[in-house]
Amino acid sequence: MKLGILTTTGLLIAMGLASGVKAENVSQVKQLLETKKCSQCDLTGAQLAGIDLSGADLSGANLRGANLNGANLDEAKLNEANLKQAKLQGASLIGAKMHGANLEGADLSRANLSLAGLVIATLKNTNLTSANLIGANLESANLAGANLKNARQSVANLANVSLRGGSLSGIDVQGVNLRDANLTNANLNGANLNGSDLTGANLKNANMANVDLKNASLP
């Protein structure tokens with residue numbers, strides 16, 4: 001088993017180098033794969049697609065541009081991590097701790113973020129198409145320009161969120177807390193906001209076509 005781990009590690013490091021990962025990052029990639037502990041590590045552009053990183057401590061790590069497509073990051077600690085422009089298509093982030101994480105421009109399409117903590121996280125221009133956000137906490141998160149088309153959501157906290165210019169087109173977020181949210185210029189076409197709380201929300205120039213607002217609390 002140990003030989004298999006080392007072989008996999010060596011292969012991944014080789015892949016990382018071939019794809020342009022800085023040489024000084026190789027030891028930290030190896031550390032992460034062998035210990036799942038790499039707080040504050042520089043993992044810029046690391047090739048980690050499909051890797052099991054469940055429960056890993058990546059607090060404050062720099063994962064800018066990293067390839068984490070299909071990776072298992074369930075219950076991982078990613079507080080204050082830099083995931084700007086990271087690839088996280090189909091990644092599993094169930095219960096991940098992402099307080100204050102920077103996910104600007106990241107691709108989280110089809111990612112499972114159920115029960116994830118994303119309080120004050122930056123999700124500006126992030127692709128969340130068809131993502132699972134059931135039970136995720138996005139309070140005070142910055143979702144300006146984010147695409148949440150067909151994302152799944154349930155009773156959850158989006159209070160004080162900023163979705164200026166973003167899209168909730170087709171999203172099913174019935175019962176969601178959107179109190180005081182900034183939805184200026186947002187595309188809400190076809191969204192299911194049944195029973196949601198939009199008290200104090202800014203809906204200036206928002207596209208509200210075909211929105212289900214049954215039993216919703218409006219501004």
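Trainee: Let's start with a pair of charged residues: which residue forms a salt bridge with Lys36?
Mentor: Keep in mind that this is a predicted model, where local features need pLDDT of at least 70, side-chain atom pairs count only at pLDDT 80 or more, and totals for chains, interfaces and linings use all residues. Residues are numbered from 1 along each chain as its sequence is written, and side-chain values use heavy atoms, leaving out hydrogens and water. A salt bridge here is a side-chain nitrogen of Lys or Arg within 4 Å of a carboxyl oxygen of Asp or Glu. With its closest N and O atoms 3.8 Å apart, the partner of Lys36 is Asp52.

Trainee: How many residues apart are Asp52 and Lys36?
Mentor: Both Asp52 and Lys36 sit in the segment after helix 2. Helices (H or I, at least four residues) and strands (E, at least two) are DSSP runs, numbered from the N terminus. The pair still links distant parts of the chain, as the separation is 16 residues.

Trainee: Is Asp52 buried, partly exposed or exposed?
Mentor: The cut-offs go by relative accessible area: buried is under 20%, exposed is over 50%, and partly exposed is in between (1.4 Å probe, protein chains only). Lys36, at 25%, counts as partly exposed. Asp52 has 44%, so Asp52 is also in the class called partly exposed.

Trainee: How many salt bridges are there by this rule?
Mentor: You've met the Asp52 and Lys36 pair. Another joins Glu34 to Lys30, with the closest N and O atoms 3.0 Å apart, and Asp197 pairs with Arg179 at 2.8 Å. By this rule, the count comes to 3.

Trainee: Why are Glu34 and Lys30 separated by about one helical turn?
Mentor: Look at helix 2, which covers residues 26-35. Glu34 and Lys30 are separated by about one helical turn because, along that helix, their spacing is 4 residues.

Trainee: In the Asp197 and Arg179 pair, which residue counts as buried?
Mentor: Both residues lie in the segment after helix 2, 18 residues apart in sequence, so their salt bridge ties those parts together. Arg179 has 37% relative accessibility and counts as partly exposed. At 17%, the buried one is Asp197.

Trainee: Which residue is joined to Cys38 by a disulfide?
Mentor: A disulfide is a covalent bond between the sulfur atoms of two cysteines. The rule used here is a pair of cysteine sulfur atoms within 2.5 Å, and the structure holds 1 such pair. Both of its cysteines are buried. With S to S at 2.0 Å, the partner of Cys38 is Cys41.

Trainee: Is that disulfide left-handed or right-handed?
Mentor: You can tell from the torsion about the S-S bond of Cys38 and Cys41. That torsion is about -90°, so the disulfide is left-handed.

Trainee: How many residues are in the largest nonpolar core?
Mentor: A nonpolar core is a set of buried Ala, Val, Leu, Ile, Met, Phe, Trp, Tyr and Cys residues joined through side-chain atoms within 4.5 Å. Leu48, Leu58, Met98 and Leu103 touch the most other members. Leu58 has contacts (heavy atoms within 4.5 Å) with residues including Leu32, Cys38 and Leu73. The number of residues in this core is 63.

Trainee: What distance separates the C-alpha atoms of Lys204 and Thr184?
Mentor: Lys204 lies in the segment after helix 2 and, at 54% relative accessibility, counts as exposed. Not counting residues up to four places away, Lys204 touches Leu183, Thr184 and Asn185. Although Lys204 and Thr184 are 20 residues apart along the chain, their C-alpha atoms are separated by 4.8 Å.

Trainee: What is phi for Ser140, roughly?
Mentor: Most residues other than glycine have a negative phi. Ser140 is in the segment after helix 2 and is partly exposed, at 31%. Although Ser140 is not a glycine, its phi is positive, at about 60°.

Trainee: What average pLDDT does the protein chain have?
Mentor: pLDDT is the predictor's confidence in each residue, from 0 to 100. It stays under 50 over residues 1-9 and over residues 13-21. Where pLDDT is low, the predicted coordinates should not be read in detail. Even so, 83% of the residues score at least 70, and the chain average is 84.
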